[in-house]
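Subject: Structure handover

Hello,

Here is the structure I promised to pass on. Please have a look at it first, and then read on for what turned up.

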Amino acid sequence: MKMPLRPLDLPILLLGLLAVVTAFQRLGSGHRAGAWVEIRTAERRLQPLPLDQDRVLHVRGRLGVSTIEIHQGAVRFLDSPCHGKLCIRSGWQRHAGDFAACLPNRVSLLVRGPDRRFDSINF
Amino acid sequence: MTGVPLPTAADRRIAWLAALAVAIHLLEAGFPSPLPGIKPGLANVVTVASLLLFGWRTAAWVGLLRVLAGSLLLGTFLSPTFFLSLGGAGGSLLAMGLPALLPRHWTGPLGYSVLGALGHMGAQFGIAYALFIPHPGLLRLLPPFLAAALLFGLLGGIIAHAMLQFLDGTDHVRAAR
């Protein structure tokens, strides 16, 4: 089927495309790289650590020592004295708002960035 | 005889078009959407066709009657859904009203449909944000929703074009114009 375009059709289409692209650029996908990580245990809250400095930490929790690795802007549980090892399987956390926890050992880590992201939106 | 004036030909036309739009509206409401907030909005095809055939006033009647009758039939009259629907139809009609001010042949079904879809989504989003979920997180949904509106606007434009081509051959439309 031939679809004849009127003079204003194409400009309107381009304007719509521009609006969509602008919306994506301005409002983004919601994933912003994290800048630092906050590590907590049942007893204390550690000083926030920057994600751009590689290091391996040993954090004492209820059961024993959890090993946390910071590498190239991401952070993960390397080892933890729990049964399920869910914290380790959570893998690398790199976006602001990302979160991993070893609940049995009461150790958690939260990636933070310049602007806060919501972990979930419900409506 | 005094009392209720008899419906004019224009009234009947609006009623028929609105009935068609309501039918599409109801059918579409019956299909579950994979994403809440996104649906093709095919009822707008009737509004676009009305606008191109009979002008913006007829289109406005058709669009608003569709929202009113559709909500009564679906049982959403005066519910949040109704106000979102009404706002969307209003935004769509306002957006389509701009090129309707210009000479008729400057804009075709594609242009009107895309403008209408984007106006619909924009107004609906504004209302959702202002009245129901005044939360910055809602804005994250705007880009994908706008993209969907653009896509379905295009689709609606193509369908409206096909509908107009079909109608152009009928005596009824030729007589009405």
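Let me begin with A:Arg106, which counts as partly exposed because its relative accessibility is 43%. Please keep in mind that this is a predicted model. The backbone is what caught my eye here: A:Arg106 is not a glycine, yet its phi is positive, at about 60°. Where does A:Arg106 sit? You will find A:Arg106 in the loop that links E6 and E7 of chain A.

That loop belongs to a hairpin. E6(A) and E7(A) are its two arms, with four residues between them, and A:Arg106 is in the turn. Strand E6 of chain A covers residues 99-102 and strand E7 of chain A covers residues 107-112; the two run antiparallel and are joined by four bridges. If you want a pair to centre your view on, A:Phe99 faces A:Leu110 in E7(A).

The hairpin is part of something wider. In chain A, four strands make up an open sheet with antiparallel pairing, and their order is E2-E1-E7-E6. Strand E2 (49-50) and E6 of chain A are the edge strands, each pairing on one side only. At the E2 end, strand E1 (residues 36-41) of chain A runs antiparallel to E2(A), and two bridges hold the pair together. There, A:Val37 is the residue opposite A:Leu49 in E2(A).

Stepping back to chain A as a whole, there are two helices and seven strands. Starting at the N terminus, the order of elements is α-β-β-β-β-β-α-β-β. Of the 123 residues in chain A, 37% are buried. Chain A exposes about 7900 Å², and 55% of that area comes from carbon and sulfur atoms. As for the contacts in chain A with a separation of 6 or more, 36% are between residues 24 or more positions apart.

Now for chain B. What does chain B contain by way of helices and strands? The count is seven helices and zero strands, so the pattern along the sequence of chain B reads α-α-α-α-α-α-α. Buried residues account for 42% of its 177 residues. In chain B, 72% of the contacts between residues at least 6 apart in sequence connect residues at least 24 apart.

On overall dimensions, the C-alpha atoms of chain B occupy a box of roughly 55 × 40 × 30 Å along the principal axes. The radius of gyration of chain B is 17 Å, which agrees with the value near 16 Å for a compact globule of 177 residues.

The surface of chain B comes to about 9200 Å² exposed, with carbon and sulfur atoms supplying 74% of it. Chain B carries 9 positive and 4 negative side chains, and 8 Å separates the centres of the two sets.

Chain B also has a residue to set beside A:Arg106. B:Leu78 is a residue other than glycine with a positive phi, near 65°. B:Leu78 is in the loop between helix H3 (56-74) and helix H4 (80-100) of chain B. Is B:Leu78 buried or exposed? With a relative accessible area of 53%, B:Leu78 is exposed, the cut-off for that being over 50%.

Happy browsing, and best wishes!

Notes. Residues are numbered from 1 along each chain as its sequence is written. Chains are lettered from A and ligands numbered from 1 in the order in which they are written. This is a predicted model: local features need pLDDT of at least 70, side-chain atom pairs count only at pLDDT 80 or more; totals for chains, interfaces and linings use all residues. Side-chain values use heavy atoms; hydrogens and water are left out. The radius of gyration is taken over C-alpha atoms; the globule rule is 2.2 Å times the number of residues to the power 0.38. Buried means under 20% relative accessible area, exposed over 50%, partly exposed in between (1.4 Å probe, protein chains only). Contact means heavy atoms within 4.5 Å. Accessible areas come from the Shrake-Rupley method with a 1.4 Å probe; for residues, only the protein chains shown count as cover. Lys and Arg count as positive and Asp and Glu as negative; His and the chain ends are not counted. The place of a charge is taken as NZ of Lys, CZ of Arg, CG of Asp or CD of Glu. Two strands pair if DSSP finds at least two bridges between them.
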